[in-house]
Amino acid sequence: MPDAIELLKRRRSVKPRLMSSPGPSPAELDTILTIGARVPDHGKLTPWRFIVFEGDARARAGEIIAGVFARKNPSAPATEIETEKRALMDAPLVIGVVSSIKPHPKVPAWEQQLSGGASAMNLVTAATALGYGANWLTGWFASDRDVLDGLGLKPEEKLVGFIHIGTPSKPSEDRPRPALSDIVTRF
């Protein structure tokens, strides 16, 4: 396992289309989910949950996504609908991170949403540490209420994103990163 600082310095997002099988084993998936749940959580509210899409579940979710797309875009060509069906099919594993805010007098919703974001990033980092490619994506369907209902989210829940995980087919190239002098100020 790589040194933690080196891992964080070299972490790159891998495009799902550049992922293939194998995906994480059941034991590795448990490790990834355990690390995803180990984030700052003021009030111990667990304001997030996970939906695991693997195997046929990815195609079933794609049918929901494509069905909503077709209904909302009645003139869409069949090729576009087919593309929507395959939205979760490239990577062998996709984890949906659901923000599930709990009303609380001392823990604002914003803080709980950030905890969900931290959870998503921990999933990406854990998958990377295990040698897999990972990518945190959303897309139009991550905020479409009809899709979210179809995926089993409660009316008050939102989707933080989909974490795509698989074996990278080639190394990811780095992208330009901001210079610290451009983003850091001292008070």
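This section describes side-chain pairs, helix packing and selected residue environments in a predicted model.

Aromatic contacts are considered first. The structure holds 5 aromatic pairs. In one of them, the ring centres of Phe69 and Trp140 are 5.9 Å apart and the ring planes meet at 45 degrees; the pair is therefore classed as tilted, since that class takes the planes that are neither under 30 degrees nor over 60 degrees apart. The two residues come from distant parts of the chain, being 71 residues apart. Phe69 belongs to helix H3 (residues 56–72), whereas Trp140 is found in the loop between strand E4 (133–137) and helix H6 (145–150). Their accessibilities fall into separate classes: Phe69 has a relative accessible area of 10% and is buried, while Trp140, with a value of 32%, is partly exposed. Both rings take part in one aromatic cluster, which is formed by Phe53, Phe69, Trp140, Phe141 and Phe162.

Charged side chains provide further links. The count of salt bridges comes to 8. Among them is the bridge between Lys72 and Asp146, in which the closest N and O atoms are 3.1 Å apart. This bridge also links distant parts of the chain, with Lys72 in helix H3 and Asp146 in helix H6, 74 residues apart. Helix H3 thus contributes Phe69 to the tilted aromatic pair and Lys72 to a salt bridge. Both partners of the bridge are partly exposed, Lys72 with a relative accessible area of 43% and Asp146 with one of 34%.

A salt bridge within a single helix is formed by Lys85 and Glu82. The closest N and O atoms of this pair are 3.8 Å apart, which lies within the 4 Å cut-off for a salt bridge. Lys85 and Glu82 are 3 residues apart in helix H4 (residues 78–85), so about one helical turn separates them. In general, an α-helix has 3.6 residues a turn, so residues three or four places apart point the same way. Lys85 is partly exposed at a relative accessible area of 28%, and Glu82 likewise counts as partly exposed at 40%.

Asp174 and Arg177 form another salt bridge, with an N to O distance of 3.0 Å. Through salt bridges that share partners, Arg12, Asp174 and Arg177 are joined into one network. Asp174 has a relative accessible area of 41% and is partly exposed; Arg177, at 39%, is also partly exposed.

A nonpolar patch on the surface is formed by Leu180, Ile183 and Val184, which together have about 300 Å² of accessible area. Within this patch, Leu180 lies in helix H7 (residues 180–183). Leu180 counts as exposed because its relative accessibility is 62%, exposed residues being those over 50%.

The packing of helix H2 (residues 26–36) was examined next. Its buried residues are Leu29, Ile32, Leu33 and Gly36. These residues cover an arc of only 95 degrees around the axis, and they therefore lie on the same side of H2. Ala27 and Thr34, on the other side of H2, are exposed. The buried residues pack against strand E2 (48–54), strand E3 (93–99), helix H5 (109–129) and strand E5 (158–168).

Two of these packing partners, strand E5 and helix H5, also hold the residues described below. Gly166 is placed in strand E5 and is buried, as its relative accessibility is 0%. Apart from its neighbours within four places in sequence, Gly166 contacts Met19, Ser20, Pro22, Pro92, Tyr132 and Gly133. The C-alpha atoms of Gly166 and Trp136 are separated by 12 Å, the two residues being 30 residues apart along the chain.

Thr128, located in helix H5, has a relative accessible area of 10% and is likewise buried, the class being set at under 20%. When neighbours within four places in sequence are left aside, Thr128 is in contact with Leu7, Arg11 and Ala134. Thr128 and Arg177 are 49 residues apart along the chain, and their C-alpha atoms are separated by 19 Å. Arg177 is the residue that forms a salt bridge with Asp174.

Terms used. Residues numbered from 1 in each chain as written. Predicted model: local features only at pLDDT ≥ 70, side-chain atom pairs only at ≥ 80, totals over all residues. Heavy atoms only, no water. Phe/Tyr/Trp six-rings, centres within 6.5 Å; stacked < 30°, edge-to-face > 60°. Helix = DSSP H or I, 4+ residues; strand = E, 2+ residues; numbered from the N terminus. Buried < 20%, exposed > 50% of the residue type's maximum accessible area, 1.4 Å probe, protein only. Patch = residues over 30% accessible without salt bridge, like charges linked within 9 Å, V, L, I, M, F, W, Y side chains within 5 Å. Areas by Shrake-Rupley, 256 points an atom, 1.4 Å probe, with all protein chains shown as cover. Salt bridge = Lys/Arg side-chain N within 4 Å of Asp/Glu carboxyl O. Arc of directions from axis to C-beta. Contact = heavy atoms within 4.5 Å.
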